[in-house]
Structures are given as structure tokens and as C-alpha cells.
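Subject: Handover of a structure and the findings from it

Dear colleague,

Please find below the structure that I am handing over to you. I would be grateful if you could read the notes that follow with the structure open beside them.

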Amino acid sequence: MARHKGLTFYEKKKRISREMVREIFVTLFYCFAAILLAFVIVFSVGMKISSIGVSMEPELYNGQEVLINRFIYRILSPGRGDIIAFLPNGNPNSHYYLKRVIGLPGERVQIINGYVYINGELLAEDESYDKIADAGIAETEILLESDEYFVLGDNRNMSEDSRSGNIGPVKKETVIGKAWFKMSCGEETMGFVK
């Protein structure tokens, strides 16, 4: 019988152990569960809508997608300065409007000489907002009911908002949620809504 001369290498056959298979399946299960949980949270608490028009510039641009927190107003009420998503007059056939809350329930709102007055006092606002050219229905004082909000667009003279007779004060039941994150749009980067 002849012997092979030289080096010989024996390859160990790799065996897949039951523990390794179990670990792989457990990892896949946890990944699947995490993805499923993320989808459930996003669809039950969150919502994505697009900003339509130039009424919220420079904060939100036409066509920019915005994430809405639908859960927060079940616990809290909208605050002054929040950007809310709502259906005007609760009309389900309308698109969602995005506007900034200016007047809160029970307050008196009036626009005098292009400036907003709350309960007879000038509202301290950022100077980047334009002077309001058309006061609309807010030319005379508006007393908000216990479930109403007065909203304006950031681009004050290019916005259809609570000054308009066909929108008026926004009832809390028509508010969908609070805008909290904006996606990138053209040259604009993504980030939290201010």
C-alpha cells in the first residue's frame, strides 16, 4: 500500500448547531416584531400629510411632507404657536390645512392696523411676519368659544385662515394633530417644526 507523501490538510466540516439556528430565528423574530411595532405606532399615532400652497412659508413649503402627531391633543390642548393640521369646518372632502394657533379658547381676537390683538393687547410676535393687509372677519372682535382656536398662516398675506369667512375659528373636534417634523423639500432640509 502506497502512502501519500507531502502535506495533507483535513477540512473540518462545519456543522450548524441547534443553538445557532435557534439564535438566528430569535433574532429574525425580534427584528420582525420591532418593524411591526414601528408600523403600528406610526399608523395609530402619526400621520404624514403634504403642505399645500405658500401660506406657511418660510416654515413649510408647498409640497413639503410633514409628520403629524395625532395622539398629543388627546392629552393636551393646542397651544399658542403650535402648527396644527385640521379639516376646515370638519369637511372630510377637503385637504388638510396647516396653520399656526394664534388665539386660544375664551380669548377675544381682533386685527387692528395689520397687527393681532388678543384680549385688547398687542400679540408679541416674531418680526418676520408680514403686516396683515386684510383683517377679514377679524376686523371686528371675535370671541372664541370654549372649543375654538384662531389660526393664521405664517405668510400672512398669502394665507386662507381664520380671517376667512369660509374657515373662521377652528373647532377642536376638527383638529387632526400637531405638526412636529418636516421632511426635506428641494433645498430645504428636514427637521423639527418650529
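Is asparagine 89 buried or exposed? Please bear in mind that this is a predicted model. Asparagine 89 has a relative accessible area of 56%, and because a residue is called exposed when that value is over 50%, asparagine 89 is exposed. The residue belongs to the loop between β3 (83–86) and β4 (97–103). Although asparagine 89 is not a glycine, its phi is positive, at about 55 degrees.

Two further features of the backbone deserve your attention. Asparagine 119, which is not a glycine either, has a positive phi near 50 degrees. Asparagine 119 sits in the loop between β6 (115–118) and β7 (121–122), and with a relative accessible area of 36% it is partly exposed. In addition, the peptide bond that joins glutamate 57 and proline 58 is cis, with an omega of about 10 degrees. Proline 58 is part of the loop between β1 (46–50) and β2 (65–69).

I turn next to the sheet and the core. In soluble globular proteins, nonpolar side chains tend to be buried together. The largest nonpolar core has 13 residues, and those that touch the most other members are Ile102, Val109, Ile111, Val116, Ile118, Phe150 and Leu152. Two or more residues of this core come from each of β5 (108–112), β6 and β9 (148–152). A second, separate core has eleven residues, among them Ile49, Val66, Ile68 and Ala85. Beyond its neighbours within four places in sequence, leucine 152 is in contact with residues including Ile102, Val116 and Ile132.

An open sheet of four strands follows the order β7-β6-β5-β8, and its pairing is antiparallel. Its edge strands, β7 and β8 (142–143), each pair on one side only. Within the sheet, β5 and β6 are joined by four bridges. Isoleucine 111 has valine 116 in β6 as its bridge partner, and both residues are also named above in the largest core.

The charged side chains form eleven salt bridges in the structure. Which parts of the chain does the pair of glutamate 59 and lysine 182 tie together? Glutamate 59 is in the loop between β1 and β2, whereas lysine 182 is in strand β11 (residues 175–182), so the pair ties together parts 123 residues apart in sequence. The closest N and O atoms of this pair are 3.2 Å apart, and both residues are buried.

Strand β11 also holds lysine 178, which is linked to aspartate 82 in the loop between α2 (72–75) and β3, 96 residues apart. Their salt bridge has an N to O distance of 3.7 Å. Aspartate 82 is buried, at 16% relative accessible area, whereas lysine 178 is partly exposed, at 26%.

A salt bridge of 3.6 Å, N to O, joins glutamate 145 and lysine 171. Glutamate 145 is partly exposed, with a relative accessible area of 47%, and lysine 171 is partly exposed at 28%. Through shared partners, salt bridges connect Glu145, Asp147, Glu148 and Lys171 into one network.

Finally, the surface carries a nonpolar patch of about 610 Å², made by Ile16, Met20, Val21, Ile24, Phe25 and Leu28. Isoleucine 16 lies in the segment before α1 (18–45) and is exposed, with a relative accessible area of 63%.

Yours sincerely,
A colleague

How values were computed: Residues are numbered from 1 along each chain as its sequence is written. This is a predicted model: local features need pLDDT of at least 70, side-chain atom pairs count only at pLDDT 80 or more; totals for chains, interfaces and linings use all residues. Side-chain values use heavy atoms; hydrogens and water are left out. Patches are made of residues with over 30% relative accessible area and no salt bridge: like charges are joined within 9 Å, nonpolar side chains (Val, Leu, Ile, Met, Phe, Trp, Tyr) within 5 Å. Accessible areas come from the Shrake-Rupley method with a 1.4 Å probe; for residues, only the protein chains shown count as cover. A salt bridge is a side-chain nitrogen of Lys or Arg within 4 Å of a carboxyl oxygen of Asp or Glu. Buried means under 20% relative accessible area, exposed over 50%, partly exposed in between (1.4 Å probe, protein chains only). A nonpolar core is a set of buried Ala, Val, Leu, Ile, Met, Phe, Trp, Tyr and Cys residues joined through side-chain atoms within 4.5 Å. Contact means heavy atoms within 4.5 Å. Two strands pair if DSSP finds at least two bridges between them.
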